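Q: Could you take a close look at one part of this protein for me, the place where its two domains meet, along with the charged and polar pairs that go with the wider picture? I would enjoy a connected walk through it.

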Amino acid sequence: MPATRQGATGAVISGWGIALPDKVVTNQDLEATLDTSDEWIVTRTGIRERRIGGSTVSLSVSSGQAALDLAGVTPDRIDALVVATTTPDRQWGTAPMIQDQLGLRCGAYELNAACSGFVYALVNAHGLIAMGAERVLVIGTDTLSRITDWDDRATAPLFADASGAVVLESVDGRGQLLGWDLDADGSASELLWATVGGTINMEGKEVFRRAVRIMMDSAEKSMRHAGITADDLSLIVPHQANIRIIQAACERLGVDMERAAVTIDHTGNTSSASIPVALAEALDDGRVKTGDHILLVGFGGGMTAASAVLRWGGTS
Ligand code: ACO
């Protein structure tokens, strides 16, 4: 049931925050250790620098606290914590550690859908609110530098660390989520994978080829359920994997790049964090006003895909 039910309790994002590690690794830094060049990385990916460092818990606590502060919500008023991550600090219990350090007193769990994880978690959180939760903290965090082979020039320039968080609050009526889609195609799982404790393996060209298609399929479903077309979108917040994928997606949607949120130049691919970080930067830059339609759309290992159409500010 991918469209939101009319009359169900809806939700709006009332606060957001991001956390980026302090350490900046530029393409020039990578030139010193890999057979690569700034020119190759920028042309093929759009990445100029990325942030490396921190743990999934420490970054999540920073972004989560910032989101709570902006929302003006004290920790005791949060009813659930959902942490999207593909790089938990431990086999289990990463979300509860974040819960403890933020001073929350509620259920807390990880959700892993690779780079689609934040949108999966956001939809999940809307479900909790439809079932009675009043406020849910949703965090997307990844520390991909810990599972990157820094001697592999095919993957090392791409991946990095970051966290983004939102506070979701219940409202009467439909709320902000007009349509959503969660998708997966396990037959493509060998294109992008990592064993537990291992490093990222990727068939880059094939991932690239499929990424645009599965993102577009998902986006079209969400927009159809929301009853809008791409012309109605004020902002597209795509997963930040490669600037050429973002450009191709915009082209397929018939939307100019001005309407896309792009952070990849300074963040690289931060998986579960990429969409909330790009959304938060767009919000902080004043790019969103009440009533705007926003499309969040991601794809990732699995292969998974997910999208959501939000009308900013919610609606009755
Ligand atoms: N520096 C210099 N040369 C390089 C580098 C590098 N860092 N990496 C590869 N090359 C070389 C290759 O060896 C190859 O050389 P050859 O022609 O002599 O064989 C050449 O550059 C072209 O390599 P390709 O892999 O064909 O390059 P491509 O244009 O496909 O770009 C890239 C590679 C950037 C990985 C691209 O395929 C891509 O972005 N794919 C999508 C990846 C993606 O989105 N992954 C994230 C998924 S999200 C998640 O769940 C984690």
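A: Happily! Let us begin with Arg135: with a relative accessibility of 12%, this residue counts as buried, because the cut-off for buried is under 20%. The model is a predicted one, so please read every value here as computed from that prediction. Its salt-bridge partner Glu134 approaches Arg135 with the closest N and O atoms 3.7 Å apart. At 43% relative accessibility, Glu134 counts as partly exposed, whereas Arg135 is buried.

Now to the two domains. The protein is divided into domain 1, residues 10–171, and domain 2, residues 175–315. Domain 1 contributes 49 residues to the contact, and domain 2 contributes 48 residues. The C-alpha centres of the two domains lie 15 Å apart. Between them, domain 1 and domain 2 bury about 3700 Å², and 68% of that area is on carbon and sulfur atoms.

What supplies the side of domain 1 that touches domain 2? At least two residues each come from β1 (10–19), α2 (38–45), β3 (49–52), α5 (117–130), β6 (135–143) and β7 (161–171). Of these, β7 gives the most to that side, with 7 residues. Sorted by class, the side of domain 1 that touches domain 2 has 26 nonpolar, 15 polar and 8 charged residues.

How many salt bridges cross this interface? The rule finds 0 salt bridges between domain 1 and domain 2. Polar contacts do cross it: 20 residue pairs, both members at pLDDT 80 or more, are in polar contact across the interface.

Strand β6 also gives us a polar residue to look at, Thr141. At 0% relative accessibility, Thr141 counts as buried. The side chains of Thr141 and Ser163 are joined by a polar contact of 2.7 Å. Leaving aside residues up to four places away in sequence, Thr141 touches Thr56, Leu59, Ser60, Ala84, Thr85, Thr86, Thr87, Ala162, Ser163, Ser272 and Ala273.

Back to the charged pairs, then. Side chains of opposite charge can pair when their charged atoms come close. The structure as a whole holds 7 salt bridges. One of them joins Arg153 and Asp35, with the closest N and O atoms 3.4 Å apart. This pair links distant parts of the chain, 118 residues apart: Arg153 sits in the loop between β6 and β7, and Asp35 in the loop between α1 (27–31) and α2. Asp35 counts as exposed, at 60% relative accessibility.

Another salt bridge stays within one helix. Arg209 and Glu206 both lie in α6 (residues 204–226), 3 residues apart, which is about one turn of the helix. Their closest N and O atoms are 2.8 Å apart. Glu206 is partly exposed, with a relative accessible area of 22%. Elsewhere, salt bridges that share partners join Glu134, Arg135 and Glu169 into one network, which brings us back to the buried Arg135 where we started.

How values were computed:
Residues numbered from 1 in each chain as written. Predicted model: local features only at pLDDT ≥ 70, side-chain atom pairs only at ≥ 80, totals over all residues. Heavy atoms only, no water. Domains from an automatic or database assignment. Contact = heavy atoms within 4.5 Å. Buried area = accessible area lost by both parts, 1.4 Å probe. Salt bridge = Lys/Arg side-chain N within 4 Å of Asp/Glu carboxyl O. Polar contact = N/O pair within 3.5 Å; in protein donor to acceptor, adjacent residues only side chain to side chain. Helix = DSSP H or I, 4+ residues; strand = E, 2+ residues; numbered from the N terminus. Nonpolar A, V, L, I, M, F, W, Y, C, P; charged D, E, K, R; others polar. Buried < 20%, exposed > 50% of the residue type's maximum accessible area, 1.4 Å probe, protein only.
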